[in-house]
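User: Could you take a close look at one part of this model for me? I would like to follow the strand pairing first and then see which charged side chains meet.

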Amino acid sequence: MAERIAKFLARSGVCSRREAEKLVEQGRICVNGETVETPAFLINGDETVLFDGEKIKAKDKTRLWLYHKPAGLVTSHKDEKERDTVFAHLPDGLPRVISVGRLDLNSEGLLLLTNDGALSRALELPENGWSRRYKVRVHGFLDEKKLKSLEKGVTVDGVDYAPCKIAVESKQGTNAWLVVSLTEGKNREVRKLMASVGLSVARLIRLSYGPFQLGALKRGEVREVPQKVLKEQLGKVYEICE
């Protein structure tokens, strides 16, 4: 079955579909010796596809890993500020992978990794309704009425944030631990929501992403999700490539 070159690149684990479109625009993708000029270019899988002159192998089966990201690492393959990246610290033996969403430099916890760029994009879509759950240590005066107001959805600095769930786990003086659940996961969403009610985030740990849990995964550890579990959990939102 024919598919767009951008989708092929994403499924092959080269990059996300959005990034694939940029590669095509930059003239870095060739099919059977010809430079591809549009991300809508169709291929059937029998062609020779080159990325910067290197052949892209046929897409592998869809795989997903759970990774306990430590604080202090950037979720990027390359960083313009030359900061340490997640991908430089992954164990040997993993294929080229990309992340499902991101965790910022100072955040830690569960990060999903996959060899399938199209899967990454699918799992990031808010319409899937997958909750991202975080344990958050905050500092400041805790006004539970203001916290409750965030659960209805709020606009901060012109950005609309969807309703969320917030529970106070413990409180001592001006420090507290919260559990926050989101369905969108916009850039620095938890930190911006907390700042909007006068709280600063001292620590942010992602506990879960959809049905996948951080659990007892140690910091820096990677564990692959079994194919059976992958099919059970993702079958309704994505067609698993076997």
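Analyst: Happy to help; here is a walk through two strands and their partners, followed by the salt bridges.

A word on the ground rules first. This is a predicted model, in which local features need pLDDT of at least 70 and side-chain atom pairs count only at pLDDT 80 or more, while totals for chains, interfaces and linings use all residues. Residues are numbered from 1 along each chain as its sequence is written, and side-chain values use heavy atoms, with hydrogens and water left out.

Let's start with strand 9, residues 108-114. Strands, like helices, are DSSP runs numbered from the N terminus (E, at least two residues for a strand; H or I, at least four for a helix). Strand 9 is mostly covered, with 7 of its 7 residues buried; buried means under 20% relative accessible area, exposed means over 50%, and partly exposed lies in between (1.4 Å probe, protein chains only). Its neighbours come next, where two strands count as paired if DSSP finds at least two bridges between them. Strand 7, residues 64-69, runs antiparallel to strand 9 and pairs with it over 6 bridges; here Tyr67 stands opposite Leu111. Strand 8, residues 98-99, is also antiparallel to strand 9 and is joined to it by 2 bridges, with Ile98 facing Thr114 as its bridge partner. Strand 15, residues 200-209, pairs with strand 9 in the parallel sense, over 2 bridges, and Glu108 has Ile205 opposite it in strand 15.

Now for strand 14, residues 175-182, which is mostly covered too: 7 of its 8 residues are buried. Strand 10, residues 132-139, is antiparallel to strand 14, and 8 bridges join the two. Within that pairing, Lys135 has Val179 as its bridge partner. Strand 13, residues 165-172, pairs with strand 14 in the antiparallel sense as well, over 7 bridges, and Ser170 is partnered there with Trp177. Strands 13 and 14 form a hairpin with 2 residues between them, and Gly173 in the turn has a positive phi of about 65 degrees.

That brings us to the charged side chains. Side chains of opposite charge can pair when their charged atoms come close. Counting a salt bridge wherever a side-chain nitrogen of Lys or Arg is within 4 Å of a carboxyl oxygen of Asp or Glu, the model has 10 salt bridges. One of them joins Asp52 to Arg28, with the closest N and O atoms 2.7 Å apart. Asp52 sits in the loop between strand 5 (49-51) and strand 6 (54-55), and Arg28 in the loop between helix 2 (17-25) and strand 2 (29-31), so the pair ties together parts that are 24 residues apart in sequence. Asp52 is partly exposed at 46% relative accessible area, and Arg28 is partly exposed at 31%.

Another salt bridge brings Asp104 and Arg188 together, at 3.2 Å from N to O. This pair links distant parts of the chain: Asp104 is in the loop between strand 8 and strand 9, while Arg188 is in the loop between strand 14 and helix 5 (189-196), 84 residues apart. Arg188 is partly exposed, with a relative accessible area of 40%. Asp104 and Arg188 also belong to a network of salt bridges that includes Arg191. Finally, Lys148 and Glu151 meet in a salt bridge at 3.3 Å, N to O, and Lys148 is exposed at 52% relative accessible area.
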